[in-house]
Amino acid sequence: MDELTRTVLVTGSSRGLGAEIARQFGAQGDQVIVNYFQHSDAANSVVQTIGADHALALQADVRDRAQVDAMVAACKQRFGTIDVLVNNALVGFKFDPTVQKQFAELTWDDYQGQLTGTLQGAFNVTQSVLPLMQAQHAGRVINIGTNLFQNPVVAYHEYTTAKAALLGFSRNLAVELGADGITVNMVSGGLLETTDASAVTTPEVFAMIAANTPMGKVTTPKDVAGMVTFLGSAQAGGITGQNITVDGGLTMN
């Protein structure tokens, strides 16, 4: 990959962590596709921040393969290829400990909703992008995980289980795609302060996290995005199959 002409697709990047990732790639001079599901105004705001000459907002529900394929085709038409894929989209979940169901109250549909959004979404986008990366014998796939499957400070059963499955997905891909010059990694933050999904997290939960974190603070989207952009760089070419946790030391591998 030419560091000066990379094209980066970030799913779910109109707001929150995804928007910060898109902005950081854009600040490096990368061409960025800002994928969104519903919030077109927010996506276009991210594009304007990056610069409309090297950013593009594209709508697609990552759960819908036809929409994903159309998005990837539009990416190829505008920028020629995709060098870095960040599977970040989060569908229909809020980190609200006051309404989170206990296990006995959950249904399989609750799990299925998160598995579809997280795992099927990453499956659809990765499989659609893969021929472009294989054709150039180079690429980076970066999946967004969570430290909650190492330290579930709140038992967000369905969300955490889906993200744990995403780690297995990532490592199997890393084994298979290494020969194609493609790396696959996961970056796991904790409950980030603050995104749309964590805006309903209670102050007590954030205080508990900060009190038990060696760095004494809650992780921010900027912290996590910095690791994502590093893994998308040439300097990270020897890293694959890893889950890198960015949470101020709350969990240690």
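At what angle do the axes of helix α3 and helix α4 cross? In this predicted model, the axes of α3 (residues 65–79) and α4 (residues 108–136) come within 9 Å and cross at roughly 35°. The crossing in which α3 passes α4 is right-handed. From α3, the residues Arg65, Val68, Asp69, Val72 and Lys76 take part in the contact, and they meet Phe123, Asn124, Val125, Gln127, Ser128, Val129 and Leu132 of α4. By character, the residues of this contact divide into six nonpolar, three polar and three charged.

Helix α4 was examined further for its length and its course. With 29 residues at 1.5 Å a residue, α4 should span 42 Å, and the computed distance of 41 Å between its end C-alpha atoms agrees with this expectation. The helix also has a kink of about 40°, located at Leu130, shortly before the proline Pro131. The residue that follows α4 is His137, which has a positive phi, near 55°.

Helix α5 (residues 157–177) was considered in a similar way. Its 21 residues reach 30 Å from the first C-alpha to the last, close to the 30 Å expected at 1.5 Å a residue. Several residues of α5 are buried, among them the nonpolar residues Tyr159, Ala162, Leu166, Leu167, Phe169, Leu173, Ala174 and Leu177. The buried residues of α5 also include the charged residues Glu158 and Lys163, as well as Thr160 and Ser170. The cover over these buried residues includes helix α4 together with the strands β5 (139–146), β6 (182–189) and β7 (243–245).

Two single residues outside these helices were also described. Ser14 is found in the loop between β1 (7–10) and α1 (16–27). The relative accessible area of Ser14 is 11%, and because a residue under 20% counts as buried, Ser14 is assigned to the buried class. When neighbours within four places in sequence are left aside, Ser14 is in contact with Ala19, Val34, Asn35, Tyr36, His39, Ala42, Ala43 and Val46.

The second residue, Ala210, lies in helix α6 (residues 203–211). Not counting residues up to four places away in sequence, Ala210 touches Gly216, Lys217 and Val218. Between Ala210 and Arg15 there is a separation of 195 residues in sequence, while their C-alpha atoms are 24 Å apart in space.

Notes. Residues are numbered from 1 along each chain as its sequence is written. This is a predicted model: local features need pLDDT of at least 70, side-chain atom pairs count only at pLDDT 80 or more; totals for chains, interfaces and linings use all residues. Side-chain values use heavy atoms; hydrogens and water are left out. Axes are lines fitted to C-alpha atoms, for helices over the stretch in contact, and angles run from 0 to 180 degrees between N-to-C directions. Helices (H or I, at least four residues) and strands (E, at least two) are DSSP runs, numbered from the N terminus. A crossing is left-handed if the near helix is turned anticlockwise from the far one by less than a right angle, and right-handed if clockwise. Contact means heavy atoms within 4.5 Å. Buried means under 20% relative accessible area, exposed over 50%, partly exposed in between (1.4 Å probe, protein chains only). The expected span of a helix is 1.5 Å times one less than its number of residues. The bend at a residue is the angle between axes fitted to the seven residues ending there and the seven starting there.
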